[in-house]
Amino acid sequence: MKHSAILAALALILLNACTQKTDDERAANMLKEARYALHHHLYDEARDTIFSLRRKYPTAIEARQQAILLLDSIEINSAADSCRLATGEEWKRLNVKKQFFERKLQEDLKKRNKH
């Protein structure tokens with residue numbers, strides 16, 4: 001009886017270990033959430049998800065690299081949407097921001113492609 005209880009406990013531990021997601025998988029899911037938020041123009045939510053991913057999963061390197069690019073896209077789209085409603089100096093400021101993140105995205109893509 002004692003052996004079967006130990007075997008059952010070990011089986012539960014192994015089952016739990018096999019079904020738990022890794023940090024990489026959790027971070028990848030957070031990237032999906034951020035992309036969904038971006039697609040629906042929920043820029044603050046998308047940013048917050050990226051920042052949370054960076055805090056929670058410092059070792060999820062691939063997801064963090066993708067998050068850099070995604071954050072650039074979030075900023076570009078946010079500025080572009082805001083430009084549509086802005087005028088005068090506010091439009092100029094937002095347009096400069098959008099152009100900055102477009103250039104930043106290109107540089108980040110170059111760096112990523114080198115590795």
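**Entry 1: α3 against α4**

I began with two neighbouring helices in this predicted model. Helix α3 covers residues 43-56 and helix α4 covers residues 61-85; I found them packed at an angle of about 160 degrees, with their axes 10 Å apart. An angle over 145 degrees counts as roughly antiparallel, so α3 is roughly antiparallel to α4. I also looked up the handedness, and α3 passes α4 in a left-handed crossing.

Next I wanted to know which residues make the contact. On the α3 side I noted Tyr43, Ala46, Arg47, Ile50, Phe51, Leu53 and Arg54. On the α4 side I wrote down Ala63, Arg64, Ala67, Leu70, Leu71, Ile74, Glu75, Asn77, Ser78 and Asp81. Sorted by class, the contact of α3 with α4 has 10 nonpolar, two polar and five charged residues.

**Entry 2: Glu75, a residue from that list**

I picked Glu75 for a second look; this residue sits in helix α4. Is Glu75 buried or exposed? I found a relative accessible area of 9% for Glu75. Buried means under 20%, so Glu75 is buried.

Which residues does Glu75 touch, if I skip those up to four places away in sequence? My note reads Arg47, Lys97 and Phe101. I could place Arg47 straight away, as Arg47 belongs to the α3 side of the contact with α4.

**Entry 3: α4 against α5**

I then followed the chain to helix α5, which spans residues 88-114. Here α4 and α5 pack at an angle of about 160 degrees, and their axes are 8 Å apart. I wrote this pair down as roughly antiparallel to each other. The crossing of α4 past α5 is left-handed. In this contact I found 11 nonpolar, five polar and nine charged residues.

**Entry 4: Thr49 in α3**

Back in helix α3, I looked up Thr49. How much of Thr49 is accessible? Its relative accessible area is 11%. With the cut-off for buried at under 20%, Thr49 is therefore buried. Leaving aside neighbours within four places in sequence, I saw Thr49 in contact with Met30, Glu33 and Ala34.

**Entry 5: Thr59 in the loop**

For another threonine I went to Thr59, which lies in the loop between α3 and α4. Is Thr59 buried or exposed? I noted a relative accessible area of 56% for Thr59. Exposed means over 50%, so Thr59 is exposed.

I still found partners for Thr59: not counting residues up to four places away in sequence, Thr59 touches Asp23 and Asp24. I also checked Thr59 against Ala27. These two are 32 residues apart in sequence, and their C-alpha atoms are 9.6 Å apart in space.

**Entry 6: the whole chain**

Last, I stepped back to the chain as a whole. How many helices and strands does the chain have? I counted five helices and zero strands, and along the sequence the pattern reads α-α-α-α-α.

I looked up burial for the chain too: of its 115 residues, 30% count as buried. Glu75 and Thr49 are buried residues that I had already met. The chain exposes about 8,300 Å², and carbon and sulfur atoms supply 59% of that area.

My final look-up was about contacts between residues at least 6 apart in sequence. Among these, 61% join residues at least 24 apart.

Definitions and conventions. Residues numbered from 1 in each chain as written. Predicted model: local features only at pLDDT ≥ 70, side-chain atom pairs only at ≥ 80, totals over all residues. Heavy atoms only, no water. Axes fitted to C-alpha atoms, helices over the stretch in contact; angles between N-to-C directions. Helix = DSSP H or I, 4+ residues; strand = E, 2+ residues; numbered from the N terminus. Parallel < 35°, antiparallel > 145°, perpendicular 65-115°, else oblique. Left-handed = near helix turned anticlockwise from the far one by under 90°. Contact = heavy atoms within 4.5 Å. Nonpolar A, V, L, I, M, F, W, Y, C, P; charged D, E, K, R; others polar. Buried < 20%, exposed > 50% of the residue type's maximum accessible area, 1.4 Å probe, protein only. Areas by Shrake-Rupley, 256 points an atom, 1.4 Å probe, with all protein chains shown as cover.
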